[in-house]
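Biologist: Let's go through this model together. I'll ask why things get the labels they do, and you show me the reasoning.

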Amino acid sequence: MRFKTFVFGTLFIFGLLLTVSMSYSYERAVEAEAADTIEAPMVVADDDAASGGQFVWVEGEPLTGGGGEGWVEFKLHISEPGTYALWGKVIAWDGNSDSFWVTWQPADPDENAQETQNTEFRWGVAQSNEWSWDRINHWLDGGTFEREWEIAEAGETTLRIAVREDACMLDVIYITDNLSEDEAEVNPRDPIPEDSLTPVEPQDKLATTWGRLKADR
Ligand SMILES: [Ca+2]
Ligand SMILES: [Ca+2]
């Protein structure tokens, strides 16, 4: 009996610590190719070196230019109000393939940045010939600054990454409330199975269980 109590107590405390430690940080990664909407000419393409073997882009060679059409959109459930940063795993070959437009509602307005060309939403992507992480910034006329988003309420959010220049490649989006600009400290990562579970609030779960119990009587 005593042993049982001890085991139960230990598990309970462990669970409590886990809950407390988890509530202080949020992180989630999503595959770009798993976007809820992929608007042409943005397409999914294969690459063995990409997470999940796929990425999204508007097909093009370096120096082609073009752009301004196509986007991917993600419906992201945020369970805790807070301030968030986004990182993208990207390849940007050159100066003609190194930008996107980024809006994350409701922190950002419902604005079509491809039409308005609002530099608040212009992401100047770090150039690289290999998959690398770049924190999503805004490339203003007066300089480039890391962005952060204030999510005031828990719930559904809509993240749109829209094409500005063709050939810019997007593999993964990493969402975190760690606002450090230091990649080593944030340690953005590829998706893991836990990322695709629909987050459920503990209170909601309890409420559902009570509701069911009452209904059963
Ligand atoms: Ca450019
Ligand atoms: Ca991918």
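Modeller: Start with the calcium ion (ligand 1): its protein donors are G95 (O), D98 (OD), E165 (OE) and E165 (OE), at 2.2 to 2.6 Å. Keep in mind that the model is predicted, with local features needing pLDDT of at least 70, side-chain atom pairs 80 or more, and totals for chains, interfaces and linings using all residues. Residues count from 1 along each chain as written, chains are lettered from A and ligands numbered from 1 in written order, and side-chain values use heavy atoms, without hydrogens and water.

Biologist: What makes these atoms donors of the calcium ion (ligand 1)?

Modeller: Donors are N, O and S atoms within 2.8 Å of the metal, or 3.2 Å for Na, K and Ca. These lie 2.2 to 2.6 Å away, so they qualify. Water is not among the atoms, so a site may look incomplete.

Biologist: Why is E165 called buried, and G95 partly exposed?

Modeller: Buried means under 20% relative accessible area, exposed over 50%, partly exposed in between (1.4 Å probe, protein chains only). E165 has 12%, so it is buried; G95 has 45%, so it is partly exposed.

Biologist: How do you know that β7 and β8 pair?

Modeller: Two strands pair if DSSP finds at least two bridges between them. β7 (residues 99-105) and β8 have three, in the antiparallel sense, so they count as paired. Strands here are DSSP E runs of at least two residues, numbered from the N terminus.

Biologist: What makes β2 and β8 edge strands?

Modeller: The open sheet runs β2-β5-β13-β7-β8. β2 and β8 each have a single partner strand, so one side of each lacks a neighbour in the sheet.

Note on methods:
Helices (H or I, at least four residues) and strands (E, at least two) are DSSP runs, numbered from the N terminus.
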